Amino acid sequence: MTLEDSDIYENDTMHPVASALEDVLVGAHRRDSLTIGVYESAQLMDRDPDSVVLCLLAADPEHEADVALSIHFTLIQAFCCDNDINILRVSGLQRLSEIIHCQMAPVSEPADLHCILVSTPHSNPWKCSSLDEVFNYCAECKSRNQWIPFMSLMDR
């Protein structure tokens, strides 16, 4: 475990920014500004990277050994850093699924929640205090040399 990882698992209480992130996901879904899935996210970032304002990379501890997912995350992180896109690593795929799927119509296949992008159209930028709170959290983490901020979404 690295020093950065020790900050991640320091306490198991819900981070106050987690509820802001939940608000962002619900609001982005209502605005049709969510892209869900590694492949779909890569397509959007290739097509219109300037519209992407936040990239969530989600994995639980049991996914740590998944080499393919690790490679995807490394490439996505590099792209986001090159294009000044805020990145946030999250754990708690079960809670993330609850947030996303309560907003969606029933689907036959489960969505790939490992990568989720929040975008905003250039013609109609999205102003949201919750999004600003998530951005501030990312900036605060970067100022403490945690280049890829982490947050745990707790089950309710």
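**View 1. Strand β4, a mostly covered strand.** Let us start at strand β4, residues 115-119, which is mostly covered, with five of its five residues buried. This is a predicted model, and the views that follow are a tour of it. Which residues of β4 point one way, and which the other way? Cys115, Leu117 and Ser119 point one way, Ile116 and Val118 point the other way, and all are buried. In a regular strand the side chains alternate between the two faces of the sheet.

**View 2. The partners of β4.** Here we look at the strands paired with β4. Strand β1, residues 34-36, runs antiparallel to β4 and is joined to it by three bridges. Within this pairing, Ile36 has Ile116 of β4 as its bridge partner. Strand β2, residues 52-58, also runs antiparallel to β4, and here five bridges join the two strands. Leu56 stands opposite Ile116 in β4. Ile116 is thus a handy landmark: Ile36 is its bridge partner, and Leu56 stands opposite it.

**View 3. The whole sheet.** Stepping back, how many strands form the open sheet, and in what order? Five strands form it, in the order β1-β4-β2-β3-β5, and their pairing is mixed. At the edges are β1 and β5 (150-152), each of which pairs on one side only. From one strand to the next, the twist averages 25°. Do look for the pair made by β3 and β5: strand β3, residues 86-91, runs parallel to β5, with three bridges joining them. In this pair, Val90 stands opposite Met151 of β5.

**View 4. Helix α3 across the strands.** Now we add a helix to the picture. Helix α3, residues 38-47, lies across β1, β2 and β4. Its direction makes an angle of about 35° with β4.

**View 5. A close look at Val52.** Val52 is found in strand β2. Is Val52 buried or exposed? Its relative accessibility is 5%, so Val52 counts as buried, the cut-off being under 20%. Leaving aside neighbours within four places in sequence, Val52 is in contact with Leu44, Met45, Ile85, Leu117, Val118 and Ser119. Among these contacts, Leu117, Val118 and Ser119 should look familiar from the view of β4. Thr120 is 68 residues away from Val52 along the chain, yet their C-alpha atoms are separated by 6.4 Å.

**View 6. Helix α6 and its two sides.** Helix α6 covers residues 129-143, 15 residues in all. From its first C-alpha to its last it reaches 21 Å, close to the 21 Å expected at 1.5 Å a residue. The buried residues of α6 are Ser130, Leu131, Val134, Tyr137, Cys138 and Cys141. Why do they count as being on the same side of α6? They lie on the same side because they cover an arc of only 120° around the axis. What do these buried residues pack against? They pack against α2 (16-30), β2, β3 and β5. On the other side of α6, Ser129, Asn136 and Ser143 are exposed. After α6 comes Asn145, whose phi is positive, near 65°.

**View 7. Confidence along the chain.** Our last view is about how sure the predictor is. The protein chain has an average pLDDT of 83, and 81% of the residues score at least 70. Over residues 1-13 the pLDDT stays under 50. For that stretch, the model has 11 contacts beyond four places in sequence.

How values were computed
Residues numbered from 1 in each chain as written. Predicted model: local features only at pLDDT ≥ 70, side-chain atom pairs only at ≥ 80, totals over all residues. Heavy atoms only, no water. pLDDT = per-residue confidence, 0-100. Contact = heavy atoms within 4.5 Å. Buried < 20%, exposed > 50% of the residue type's maximum accessible area, 1.4 Å probe, protein only. Helix = DSSP H or I, 4+ residues; strand = E, 2+ residues; numbered from the N terminus. Pairing = 2+ DSSP bridges. Axes fitted to C-alpha atoms, helices over the stretch in contact; angles between N-to-C directions. Expected span 1.5 Å × (residues − 1). Arc of directions from axis to C-beta.
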